[in-house]
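Work through the exercises below with the structure open. Each task is followed by its solution.

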Amino acid sequence: MRKYLPAIVSGFGAGVLSIVPLAKGLTCCIIIPLAAYLALVLDRKSTKDRSRVPASRGFLIGVMTGVFAAIFGSVFDLIITFITRSNDIVASFPEFQKMINSFPVSEDIREKITRMFQNLRNDIVTTGFSFLYTISVLINNFVINTLFGAIGGLAGAQIINNRMGNIEE
């Protein structure tokens, strides 16, 4: 358990920040990679390891941080959606309809897409839960957060190793 603690702590922080409205847009490209880097730093402090960080270790801690961020972020997003019975999809549905109507596809396809999102919106507004929304949030968060966590872990290992090289010289 102790070896996963830095990834859990950083993933929790990233998961919380991923539901904050202003920070939500920065989650994939800034918050998750920074959380992976922070997890590497915390891991090094907890193990008192002063050797170079192998790329495989950076990758593993980054992936674990991304997975934990996806778990926490998804759970918090779904709980808030359930309690408030609202989210970004509900709030931006009129703009979404306008966008769909501008797509160069057949009227039948436009109608099916609009109907699908109307059902999703109605489920969220009436019950606070939509199976389609839940699946899409889980898949999106796990794929994106894990990918950017891995990138952040690899970049973080390189940054730590470069700083060690500068200190030794």
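**Exercise 1.** In this predicted model, find the residues of the nonpolar surface patch, and state which helices each supply at least two of them.

*Solution.* The patch is formed by Ile71, Val75, Ile79, Phe82, Ile83, Phe129, Phe131, Ile135, Leu138, Ile139 and Val143. Together these residues have about 1,000 Å² of accessible area. Helix H3 (55-84) and helix H7 each supply at least two patch residues.

**Exercise 2.** Classify Val75 as buried, partly exposed or exposed.

*Solution.* Val75 is found in helix H3. Its relative accessible area is 40%. Buried requires under 20% and exposed requires over 50%. Val75 is therefore partly exposed.

**Exercise 3.** Compare the span of H3 with the expected one, then describe the backbone just after H3.

*Solution.* H3 has 30 residues. At 1.5 Å a residue, 44 Å is expected from the first C-alpha to the last. The model gives 42 Å, close to that value. Just after H3, Arg85 takes a positive phi of about 55 degrees.

**Exercise 4.** List the residues of the largest nonpolar core and say which helix gives the most to this core.

*Solution.* The core has seven residues: Ala39, Leu40, Val53, Ile61, Ala157, Ile160 and Met164. Helix H2 (27-47) and helix H7 (131-168) are the elements that give two or more residues to this core. H7 gives the most, with three. For one member, leave out residues up to four places away in sequence: Ala157 then touches Leu40, Val53, Pro54 and Gly58. Apart from this core lies another, of six residues, including Ala23, Ile31, Ile32 and Ala69.

Notes:
Residues numbered from 1 in each chain as written. Predicted model: local features only at pLDDT ≥ 70, side-chain atom pairs only at ≥ 80, totals over all residues. Heavy atoms only, no water. Core = buried A, V, L, I, M, F, W, Y, C linked by side-chain atoms within 4.5 Å. Buried < 20%, exposed > 50% of the residue type's maximum accessible area, 1.4 Å probe, protein only. Helix = DSSP H or I, 4+ residues; strand = E, 2+ residues; numbered from the N terminus. Contact = heavy atoms within 4.5 Å. Patch = residues over 30% accessible without salt bridge, like charges linked within 9 Å, V, L, I, M, F, W, Y side chains within 5 Å. Areas by Shrake-Rupley, 256 points an atom, 1.4 Å probe, with all protein chains shown as cover. Salt bridge = Lys/Arg side-chain N within 4 Å of Asp/Glu carboxyl O. Expected span 1.5 Å × (residues − 1).
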